Amino acid sequence: MEAQGEQLLQSLVDHEKAVIAKVEQARRDAAAIVEKARSEAESLLDKARNEATALADASRAETEQQSEAAREEILARARAEAEKIEARARGNRDRAVQLVMERVLP
């Protein structure tokens, strides 16, 4: 009976050691899974940051292009208007000189 008790006790000890080993392996596996998830999350965050930066840069460049195009359009209209005014002024100057000449030198 005593031998049977020792054998049962040894069996329990072996079983407990096996369970402890499984628990330790499960902890290591869980730690590895958590580390892998953390690494993947960090990688995804970096990728998202890079994409956001690229989108912001593209948007900024497009806005600058649109602003430059608008500025050029406004300048072109202003130049055209200035040329019209200058042409009218030349025409009026010629008429003004003619009027002065007619009134001063009758």
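Helices here are DSSP runs of H or I with at least four residues, and strands are E runs of at least two. By that count, the protein chain has one helix and zero strands. Keep in mind as you look around that this is a predicted model.

**Stop 1: the whole chain**

Start by showing the protein chain in full and turning it along its principal axes. The C-alpha atoms fill a box of roughly 155 × 15 × 10 Å. The radius of gyration tells a matching story: the protein chain has 45 Å, while a compact globule of 106 residues would have a value near 13 Å.

Now switch on a surface. How much of the protein chain counts as buried? The share is 0% of the 106 residues. About 9700 Å² is exposed, and carbon and sulfur atoms supply 59% of that area.

**Stop 2: a long step along the helix**

Select Ala-30, which sits in helix H1. Ala-30 counts as partly exposed, at 39% relative accessibility. Next add Ile-74 and draw a distance between the two C-alpha atoms: Ala-30 and Ile-74 are 44 residues apart along the chain, and the separation is 65 Å.

**Stop 3: the charges**

Colour the protein chain by charge. You will find 18 positive and 22 negative charges, with mean positions 12 Å apart. Side chains of opposite charge can pair when their charged atoms come close. A search of the whole structure finds nine salt bridges, and the next three selections each show one of them.

**Stop 4: Arg-38 and Glu-42**

Select Arg-38 and Glu-42 and show their side chains. The two form a salt bridge, with 2.8 Å between the closest N and O atoms. Both residues belong to helix H1, which spans residues 2-104, and because they are four residues apart, about one helical turn separates them. Arg-38 is partly exposed at 42% relative accessibility, and Glu-42 is also partly exposed, at 43%.

Add Glu-35 to the selection. Glu-35, Arg-38 and Glu-42 are linked in a network of salt bridges.

**Stop 5: Asp-46 and Arg-49**

Move on to Asp-46 and Arg-49. Their salt bridge has its closest N and O atoms 3.1 Å apart. Here the spacing in helix H1 is three residues, so the pair is separated by about one helical turn. Asp-46 counts as partly exposed, with 38% relative accessibility; Arg-49 is partly exposed as well, at 49%.

**Stop 6: Asp-57 and Arg-60**

Select Asp-57 and Arg-60 next. How far apart are the closest N and O atoms of this salt bridge? The distance between them is 2.6 Å. Asp-57 and Arg-60 lie in helix H1, three residues apart, about one turn of the helix. Asp-57 has a relative accessible area of 40% and is partly exposed, while Arg-60 is partly exposed at 45%.

**Stop 7: a nonpolar patch**

For the last selection, pick Val-97, Val-100, Met-101, Val-104 and Leu-105. Together these residues make a nonpolar surface patch of about 460 Å². Where does Leu-105 lie? Leu-105 is in the segment after H1. Is Leu-105 buried or exposed? Exposed means over 50% relative accessible area, and Leu-105 counts as exposed because its value is 53%.

Conventions
Residues numbered from 1 in each chain as written. Predicted model: local features only at pLDDT ≥ 70, side-chain atom pairs only at ≥ 80, totals over all residues. Heavy atoms only, no water. Rg over C-alpha atoms; globule rule 2.2 N^0.38 Å. Buried < 20%, exposed > 50% of the residue type's maximum accessible area, 1.4 Å probe, protein only. Areas by Shrake-Rupley, 256 points an atom, 1.4 Å probe, with all protein chains shown as cover. Lys, Arg positive; Asp, Glu negative; His and termini not counted. Charge placed at Lys NZ, Arg CZ, Asp CG, Glu CD. Salt bridge = Lys/Arg side-chain N within 4 Å of Asp/Glu carboxyl O. Patch = residues over 30% accessible without salt bridge, like charges linked within 9 Å, V, L, I, M, F, W, Y side chains within 5 Å.
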